[in-house]
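Biologist: Got a minute to walk me through this model? I'd like to go over the cysteines, the core, the charges and anything odd in the backbone.

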Amino acid sequence: MCGIFAYLNFHANKERRHILEVLFNGLRRLEYRGYDSAGIAIDDSLSPLHSTSSPPPLVFRQAGNIESLVNSVNQEITNTDLNLDEVFYFHAGIAHTRWATHGEPAPRNSHPQSSGPGDDFLVVHNGVITNYEVLKETLVRHGFTFDSDTDTEVIPKLAKFVFDKANEEGEQTVTFCEVVFEVMRHLEGAYALIFKSWHYPNELVACKRGSPLLLGVKELDQDKSNNHVFKDAHFLSKNDHPKEFFLSSDPHALVEHTKKVLVIEDGEVVHLKDGGVSILKFERRNGSSRPASVERALSVLEMEVEQINKGKYDHYMQKEIHEQPESLTTTMRGRLIRGGGSRKPKAVLLGGLKDHLKTIRRSRRIVFIGCGTSYNAALASRPILEELSGPIYREDTAVFVSQSGETADTLLALEYARENGALCVGITNTVGSSIARKTHCGVHINAGAEIGVASTKAYTSQIVVMVMLALAIGSDTISSQTRREAIVDGLLDLPNKVREVLKLDEEMKDLAQLLIDEQSLLVFGRGYNYATALEGALKVKEVSLMHSEGILAGEMKHGPLALVDENLPIAVIATRDACFSKQQSVIQQLHARKGRLIVMCSKGDAASVSSSGSCRAIEVPQVEDCLQPVVNIVPLQLLAYHLTVLRGHNVDQPRNLAKSVTTQ
Ligand code: AGP
């Protein structure tokens, strides 16, 4: 996935220096979405508001992270004496940070991609164009030459083709929006796009299908004491008030400017011109589709700038690990009923599901869909769902678990499930995301912004939401009431237990120091904590770049045991639950083969799991079995974090990865 960003100031004097800073900061906020190359396009000189063209823009593209781009732009500014003090009363700039899918990270493959010499049309793109080869062949036949290996390059070239053709045919008045509409008609795949063209100075057009895109609006003169004042949706119509518009792949790059946002829907084309916003969408009428204008209201972003800053921490991953007592509290806020005597039992209230619980209970199957960490969270919650949901029948309920709400593979499964009539439930952290919008109902995990590529606090909040889902589904069963009430108590105390386990930070740092030069780490788990083994290993490999594998302990004798010797470090999760005695036996067998063991056990069990003192024990607080994965993952998150720092790797932006995988 990539990050796209744009900044348009209208009737507001802004120095070039400021415009560059806004674009760079936007990219810094989106950098977690992709960080192998970046680029921006800004105006060379001020174009009067209603002029029909302006000089070609300045385009900067660079391989590497955002700071490499910033350095190269600064260098270029010095070399060319570009005036940073020049003031722009209007200006439209676009920016991109890339996670390469088509073509290696290199300036020519970075965005903005161009229509060719003269840069008539420039495009930043997040997503993948699946029919780019066919489009490319056609454009080549019409004399276009291609400079990059990207799928994106066909888009600005197609725009130029459409524009030139309209002009040849005498349609002098073809609008920027019409050009983009025509381009969009030919594109297949997933995309969010922002277009800039010197034929349409001070305008921007954005559109999307599949990939996320938001518009942020900040009015500058309504109320000096509060820059976010925004009267009503009519503001979207043209007026002369000074204002700033921002387009961004996600809210992280918007929140420091404004909280007034519009989540752009699939198929919409958003045109920023003369201080107004017009939105068009394809409308199917009499078998053909034509553009129709759409009325949309702005919404208020529920996010604070502090959420996207590192605060006192060195890295986002570290901050997000330590935030878990608070993120779990917000996940549960208003959803747990503490009960009161015999008349009011302890229970859960999931507002987003209340009208659908009956249907879920009557389902033939409940199927959970998620990738990576979200898959592991679903796996961790599966036993309690099986236990509390009782017999189910009739049609399927499909539950889509995704931190970002934008994962392409999960979305494809969602389409399939919808087409086949399943009730689709979303569990996501991202309000307004594709999964949040395309499911019939759902629960937001409310874990707060998660910026580190490695998912940490979203994982624990996902588990908590799925446990609450199990409680809600099982709430009409008398026989499990005591069990459910114990779980509600466990949930209420869970943030405290996580706070306690976070105190293992130093111990995990020491352990990381011991493991720093190892090639591999195996993690054995079982029952509720098989997911912990998978997720712990995923964290270690993902950020510290050390091989790690989560293994179902019951499989040990069927292969993995061959790896065991006195050198290979092996972590065994053996906290108290129904699988404890089986895990004890695993530890014995590993001891017998002189395995180098790290055992995670419940408080007070260190001596019993390591009778000879030959293994390193990590003691964690004991909680209800179905909540134990929330506690047990924390030391492994800390271990992965410290291993990464000690091994000198980038914690928040691991090699080759991006925060969410929006391409197949
Ligand atoms: C986990 O640390 C990863 N970043 C990754 O496995 C992630 O969980 C997966 O790509 C799914 O993302 P989602 O939750 O946003 O759908």
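Biologist: Let's start with a cysteine. Is Cys424 buried or exposed?

Modeller: Cys424 is buried, with a relative accessibility of 0%. Keep in mind that this is a predicted model.

Biologist: And why isn't Cys424 bonded to the closest cysteine?

Modeller: The closest cysteine sulfur belongs to Cys441, and at 8.7 Å from the sulfur of Cys424 that is too far for a bond. The cut-off for calling a disulfide is 2.5 Å between the sulfurs.

Biologist: How many disulfides turn up in the whole structure?

Modeller: Zero, after a search of the whole structure. Cys615 is another one in no disulfide, and the nearest cysteine sulfur, in Cys601, is 8.1 Å away. Cys615 also counts as buried, at 9% relative accessibility.

Biologist: OK, zoom out for me. How many helices and strands are in the protein chain?

Modeller: The protein chain has 18 helices and 28 strands. Its C-alpha trace spans about 85 × 55 × 55 Å along the principal axes.

Biologist: What does the radius of gyration say, next to a compact globule?

Modeller: The two agree: for 664 residues a compact globule would come out near 26 Å, and the protein chain has 27 Å. Buried residues account for 58% of those 664 residues.

Biologist: What share of the contacts joins residues at least 24 apart?

Modeller: That's 75%, taken among contacts between residues at least 6 apart in sequence.

Biologist: And the surface, how much does the protein chain expose?

Modeller: About 26600 Å², with carbon and sulfur atoms supplying 48% of it.

Biologist: On to the inside. Which residues have the most contacts within the largest nonpolar core?

Modeller: Val467, Met468, Leu491 and Leu494, in a core of 82 residues. Helix α12, residues 457–473, gives the largest share of this core, with 13 residues. In general, nonpolar side chains tend to be buried together in soluble globular proteins.

Biologist: Pick Val467, then. What does Val467 touch?

Modeller: Leaving aside residues up to four places away in sequence, Val467 touches Ile384, Ile487, Leu491, Cys626 and Leu627. Apart from that core lies another one of 36 residues, and Leu23, Leu27, Phe60 and Phe88 are among them.

Biologist: Switching to charges. How many salt bridges does the count come to?

Modeller: The count is 39 salt bridges. One of them joins the side chains of Arg17 and Asp85, at 2.3 Å from N to O. That pair links distant parts of the chain, with Arg17 in helix α1 (residues 16–30) and Asp85 in the loop between α2 (66–80) and β5 (87–88), 68 residues apart.

Biologist: How accessible are Arg17 and Asp85?

Modeller: Arg17 is partly exposed at 38% relative accessible area, and Asp85 is partly exposed as well, at 43%.

Biologist: Where does Asp489 pair up?

Modeller: With Lys346, in a salt bridge of 3.1 Å from N to O. This pair also links distant parts of the chain: Asp489 sits in helix α13 (residues 481–501), while Lys346 is in the loop between β18 (336–337) and β19 (347–348), 143 residues apart. Asp489 is partly exposed at 35%, and Lys346 is partly exposed at 24%.

Biologist: Which residues are linked in a network of salt bridges?

Modeller: Glu265, Glu268, Arg296 and Arg437 are linked that way.

Biologist: Last topic, backbone oddities. Which residues does a cis peptide bond join?

Modeller: His111 and Pro112, with omega at about 0°. Pro112 is in the loop between β6 (91–98) and β7 (113–114).

Biologist: And what about phi at Asn202?

Modeller: Asn202 has a positive phi of about 65°, although it is not a glycine. Asn202 lies in the loop between β9 (189–197) and β10 (204–209), and it is buried, with 7% relative accessible area.

Biologist: Lys594 next: what is its phi, and is Lys594 buried or exposed?

Modeller: Lys594 has a positive phi too, about 60°, and is not a glycine. Lys594 counts as exposed, at 57% relative accessibility. You'll find Lys594 in the loop between α16 (580–592) and β27 (596–602).

Methods
Residues numbered from 1 in each chain as written. Predicted model: local features only at pLDDT ≥ 70, side-chain atom pairs only at ≥ 80, totals over all residues. Heavy atoms only, no water. Core = buried A, V, L, I, M, F, W, Y, C linked by side-chain atoms within 4.5 Å. Buried < 20%, exposed > 50% of the residue type's maximum accessible area, 1.4 Å probe, protein only. Helix = DSSP H or I, 4+ residues; strand = E, 2+ residues; numbered from the N terminus. Contact = heavy atoms within 4.5 Å. Rg over C-alpha atoms; globule rule 2.2 N^0.38 Å. Areas by Shrake-Rupley, 256 points an atom, 1.4 Å probe, with all protein chains shown as cover. Salt bridge = Lys/Arg side-chain N within 4 Å of Asp/Glu carboxyl O.
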